[in-house]
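Got your viewer open? Here's a short walk through the enclosed spaces of this model, one selection at a time.

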Amino acid sequence: MALFRLYVFCFLKMLSFLSMWHQHSTECTDHYDPFPVNEADENQPHFQGVTGLQNLGNTCYMNAILQCLCSISPLVEYFLSGKYITALQKDCSEVATAFAYVMTDMWLGDSDCVSPEIFWSAFGKLYPAFMKKTQQDAQEFLIYVLNELHETLKKYHRRRSYEKRSIPRFCRKMIANESSIITRLFEGQLNYSIICLKCENCTYKNEVFTVLSLPIPSKYECSLQDCLQCFFQQDTLTWSNQIYCSFCETKQETAVKANISKAPKIIVFHLKRFDILGTMKRKLRTDIHYPLTNLDLTPYICPIFRKHPKYNLCAVVNHSGDLDGGHYTAFCKNSVTHAWYNFDDTRVREIPDTSVQTATAYLLFYSCQPFSIPIQKHKS
């Protein structure tokens with residue numbers, strides 16, 4: 001009975017918001033348009049998942065993240081099929097419901113542009129900083145969104161202990177007691193080996209991640225593999241960074257090395273372009289070359305778990321401009337047309353594969369599995 005009332009509630013909410021959304025759709029205007037629109041762009045057919053988003057006042061960071069998330073078919077299908085409704089936590093369902101509305105309008109609506117105001121409003125109630133209509137960090141916003149969706153949709157369950165002798169202790173996965181569509185798609189796990197350089201005692205530490213922040217080792221030009229090698233290379237912690245050793249019973253110089261003990265289906269790389277040196281802030285404009293297909297993560301994954309070492313690019317968040325006056329856009333590959341599109345708030349245009357590589361890339365979304373067209377909920 002409670003579940004039936006929840007369905008009715010969501011249905012009525014959908015009806016009440018739908019008319020307002022379509023009204024916003026007809027009023028969309030683009031605040032940032034560096035490229036002239038030609039007639040071919042205006043007359044191109046409207047495909048599922050190829051929909052612009054209205055800028056609500058410096059919300060290009062949100063629009064870029066929503067476009068990337070709405071291009072990930074397994075996530076889209078989860079919401080369009082209505083599966084999320086049965087997982088909703090009663091006391092915190094507004095953000096996930098609003099997120100489902102955005103996906104529905106972008107994939108099933110007939111407008112070229114829609115407003116994300118319902119989602120922005122619901123999210124802003126929990127995180128007021130994002131309601132100030134000031135420029136925000138897209139990577140930080142993504143982490144908050146993924147965490148909020150997980151908390152709203154998580155389910156608790158028991159797992160058998162992972163204590164097979166054939167699996168090295170340093171490669172064993174953390175035993176979790178909760179999961180969601182977010183953990184199933186985005187959650188990975190790093191394993192750190194920590195070696196005391198005095199007594200050579202080795203300990204291990206696991207760390208869960210949804211976004212992997214990579215250092216940029218060059219000022220002018222490098223590859224994504226260079227960034228990965230820099231992140232996963234062994235570091236020596238000395239002086240003030242020494243780590244306490246339980247055997248020596250004091251802080252010692254330590255060697256630390258990371259690998260991936262659980263590779264997620266969707267791995268998101270954050271390129272650390274915003275650098276802080278003391279009181280000085282700067283943006284690294286390094287041209288980072290990243291592959292569109294067959295990204296090989298084999299060298300960084302614990303050997304026993306190398307199930308999906310090759311990844312294909314599915315979305316990119318770009319940041320142009322400076323630290324305080326920049327602009328976010330997104331490149332996304334559509335699972336219906338298999339073409340790449342440039343999403344610049346309300347402006348959407350198809351781009352060739354050769355245009356996906358850009359020096360403004362800030363977030364890279366890779367998938368180890370090809371995307372199929374999301375299955376919609378069948379009408380009764």
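A cavity here is a set of points on a 1 Å grid over the protein atoms alone where a 1.4 Å probe fits but cannot get out, and its lining residues have an atom within 4 Å of a point. Points are joined across faces, edges and corners, and a volume is the space filled by probe spheres set on them. This is a predicted model, in which local features need pLDDT of at least 70 and side-chain atom pairs pLDDT 80 or more, while totals for chains, interfaces and linings use all residues. Numbering runs from 1 along each chain as its sequence is written, and side-chain values use heavy atoms, with hydrogens and water left out.

The whole-structure search turns up 2 cavities of 30 Å³ or more.

Start with the second largest, which holds about 30 Å³ of space. Select Cys-60, Asn-63, Ala-64, Gln-67, Tyr-328, Thr-329, Phe-343 and Asp-345 to see its lining. Helix 3 (60-69) and strand 19 each give two or more residues to this lining; helices are DSSP runs of H or I with at least four residues, strands E runs of at least two, numbered from the N terminus. Helix 3 gives the most, with 4 residues.

Now for the largest cavity, with a volume of about 60 Å³. Which residues line the largest cavity? Select Gly-49, Gln-67, Cys-70, Ser-71, Trp-107, Cys-332, Lys-333, Asn-334, Ser-335, Tyr-341 and Phe-343. For the backbone view, show strand 19 (327-333) and strand 20 (340-344), each supplying at least two residues of that lining.

How values were computed:
On a 1 Å grid over the protein atoms alone, a cavity is a set of points where a 1.4 Å probe fits but cannot get out, and a pocket is an open set with protein on both sides within 12 Å along at least five of seven lines; lining residues have an atom within 4 Å of a point.
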